[in-house]
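The exercises below ask you to read packing, pairing and burial from a structure. Try each task before turning to its solution.

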Amino acid sequence: MISQIIKSSLEQSVRSVFMKLELAYPNDIALLIEQPANAEHGDYSSSIALQLAKLLRKSPMAIAELVKTELQLQGSITGLVQRIEVAAPGFINLYIHWQEWARQPLTLPQSSGQKVVIEHTSINPNKAAHVGHLRNACIGDALVRILKRTGYNVEVHNYVDDLGNQLADTVVGLFNVPLEGEHVRFGDYCWDIYAQVNKEYTLNPEMTHKRTDILHALEKGSGNEAWLGKLVAERIVREHVEEMKSFGIHYDLLVWESSIVREGFWSAASQLLAQTAFFVQEHEGKLAGCWVLKQKGGDSEGESDEYTLDKVLVRSNGILTYTAKDIAYHLWKFGLLEKDFSYTEFTSELWTTGLTGQRLPYGQADMVINVIDYRQEYPQAMVKQALQVLGYNNQAEKLHHVSYGVVSLSPASAAELGINTADGKSSYAMSGRQGIGVKVSDLILLMEEAIELARSDKNGIPSRIIATAAIRYYLLRFNLGTEIIFDFKQATEISGNTGVYLMYTYARASSVLSKATLPVTTDISRLEFPAELEKAEAALLRHLSTWQDTLYTASKELTPNSLCNYAHTLATLFNNFYAVCPILKGEEATIQFRLWLTCKCQVTLGDVLEVLGLPTPSRM
């Protein structure tokens, strides 16, 4: 990676300056380089001289000159950096020799091959999936692709809460709420059943005892109610898995909450926790009879009920909370429980936990990543705390919660779904209990229709494939912490910062290369770079040079949206280059260079699209 080469050389040069000044090199220097927005200020730049002025008691300009001299003496960047300039008030600006850069076999840093378990999607198995669930799945799958691309051994889990309130409510509805109507899929039918049973709870509060009865039956695992719950959950999970497959999203393992309970995982975990001073049974107050994980070094007085409930692991009635089962699950993920599941095939290449089956090498992770929305931040923190109180501090550090903002509805979309928007709010929450939300299947159809109407050439890839890719990109391009205010019109746009625009750009580059009468030169030593690059050429080269840095940073910071930003900028720069620099006309040397640059762009954009999970069409 070019930035790592430059950063390493810069650090070595700064160390040499300290050595020649007979000073100790401080360990807390934050040595940063950046790519200036204005290419006149260098392809890369550092302000290290400004940082060191007070420490070295010299002017930043003088320090910058000392560092520049050391950089020029180094062989590690000889040829790669064409020239180095010092600019007021003390910047060190480096200009890349692009033909030399093109010769370099720049690669990502070697990965240790660590095993990473990524858990994502994890939709309650009680109804059809909506667009909020899909955001989770798209983020999770993008992280899977990023980490695989950067050398990690990745295992993908989809956790199925088949003992929770939501499934219990759907089962209550199937037993007690008559429902007529046209439904294509069972999940759509259960969508309406779930909404209807919650209306019944409001009208007849005494009916909620049926939920408690079903919850006990589901946990017990036998009888009519439990078997119906199993059938409902399995049928809906199959629909979820199939639906996600259309977005290129796949899993290695389905982990059922019932397996965690019935295989005794919580029993083993609770025995470990009982050996600490933090897992106690309350004997008075509102939590009397509950087993609670105490705050480490804290006092729970004054905390909100929501957070207090999250710390309860076993309720007074003996029912386990989600957090308790999650703690047991994570001890297993890290290989810290002397227990394992049995595994059977759910579909081709997808396995599921169960009471019978074979033993397989799942779990035993070096690092765990959970993609769960920001509302689950506290329960995730409690899982981390459980690892810490058990003395598993290294594993706690390797447990990462990738938090993201939920998807809500714009006023226009909310009104279209029948929500009263007279209060003038800027967004409206989706509610499964009220049956309000945008189903994934409906969104695909809407996008497919919009694309079919807009495209003039229908001989390229199918509109449905374009539609799923466009939706996927729409859900990935926002910063993770951003709440997506879903709007039907905005979501179905095909111009601007969209997946359609990126795929169109890739197809355009492919078309240019297919029309070329000269072969694309792969031997850089035989390629003639212009003595002076056009601005569009230079801008494109500068951005191409940062791809590996961007990918590597995304793998460390777990930010798939940063790849969307990179891809959109790359597509914009290529289309500008295409518009102002004739690629197939002019002198032979110019054509060959521009064909090489087009090929470089196509390959890089193809790599980005693949990591983002989008197709690379040669024709749209």
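**Exercise 1.** Against which helices do the buried residues of H21 pack?

*Solution.* The model is a predicted one, and the first step is to establish which part of the helix is enclosed. Helix H21 covers residues 535-544, and eight of its 10 residues are buried, so the helix is largely enclosed by the rest of the structure. The second step is to list these buried residues, which are Ala536, Glu537, Ala538, Leu540, Leu541, Arg542, His543 and Leu544. The last step is to find their partners: the buried residues of H21 pack against helix H4 (98-103), helix H22 (547-557), helix H23 (561-580) and helix H24 (588-612).

**Exercise 2.** Describe how H6 and H7 are arranged relative to each other, and classify the residues of their contact.

*Solution.* Two packed helices are described by the angle between their axes and the distance between the axes. For helix H6 (residues 165-176) and helix H7 (residues 186-203), the axes come within 8 Å and cross at roughly 90°. Since angles of 65 to 115 degrees count as roughly perpendicular, H6 and H7 are therefore roughly perpendicular to each other. On the H6 side the contact is made by Gln166, Asp169, Thr170, Val172, Gly173 and Leu174, while H7 contributes Phe186, Tyr189, Cys190, Ile193, Tyr194, Val197, Asn198 and Tyr201. Sorting the residues of this contact by type gives nine nonpolar, four polar and one charged. One of the contact residues of H7, Cys190, is buried, with a relative accessible area of 0%.

**Exercise 3.** How many disulfides does a search of the whole structure find, and why is Cys581 not bonded to Cys601?

*Solution.* A disulfide is a covalent bond between the sulfur atoms of two cysteines. The search of the whole structure finds zero disulfides. For Cys581, the closest cysteine sulfur is that of Cys601, and because the two sulfurs are 12 Å apart, they are too far from each other for a bond. As to its surroundings, Cys581 is buried, with a relative accessible area of 2%.

**Exercise 4.** Work out the strand order of the open sheet that contains S8, and then examine the hairpin of S10 and S11.

*Solution.* The open sheet has three strands in the order S7-S8-S9, with antiparallel pairing. Its edge strands are S7 (279-281) and S9 (312-314), each of which pairs on one side only, and the twist averages 35° from one strand to the next. Strand S8 (residues 291-293) pairs with S9 over two bridges, and Trp291 stands opposite Val314 in S9. Turning to the hairpin, strand S10 (residues 342-347) and strand S11 (residues 350-354) pair in the antiparallel sense over five bridges, with Thr347 opposite Leu350 in S11. Two residues lie between the strands of this hairpin, in which Glu349 takes a positive phi near 70°.

**Exercise 5.** Are Ala414 and Gln395 buried or exposed, and which residues do they contact beyond their neighbours within four places in sequence?

*Solution.* Ala414, which lies in helix H16 (residues 411-416), is buried, with a relative accessible area of 0%. Leaving aside neighbours within four places in sequence, Ala414 is in contact with Leu409, Ile419, Thr421 and Tyr428. A further step along the chain leads to Phe486, 72 residues apart from Ala414, and the C-alpha atoms of the two are separated by 9.2 Å. Gln395 has its place in helix H15 (residues 393-397) and is buried, with a relative accessible area of 18%. With its neighbours within four places set aside, Gln395 is in contact with Phe334, Leu336 and Leu387.

Definitions and conventions
Residues numbered from 1 in each chain as written. Predicted model: local features only at pLDDT ≥ 70, side-chain atom pairs only at ≥ 80, totals over all residues. Heavy atoms only, no water. Axes fitted to C-alpha atoms, helices over the stretch in contact; angles between N-to-C directions. Helix = DSSP H or I, 4+ residues; strand = E, 2+ residues; numbered from the N terminus. Parallel < 35°, antiparallel > 145°, perpendicular 65-115°, else oblique. Contact = heavy atoms within 4.5 Å. Nonpolar A, V, L, I, M, F, W, Y, C, P; charged D, E, K, R; others polar. Buried < 20%, exposed > 50% of the residue type's maximum accessible area, 1.4 Å probe, protein only. Pairing = 2+ DSSP bridges. Disulfide = S-S within 2.5 Å.
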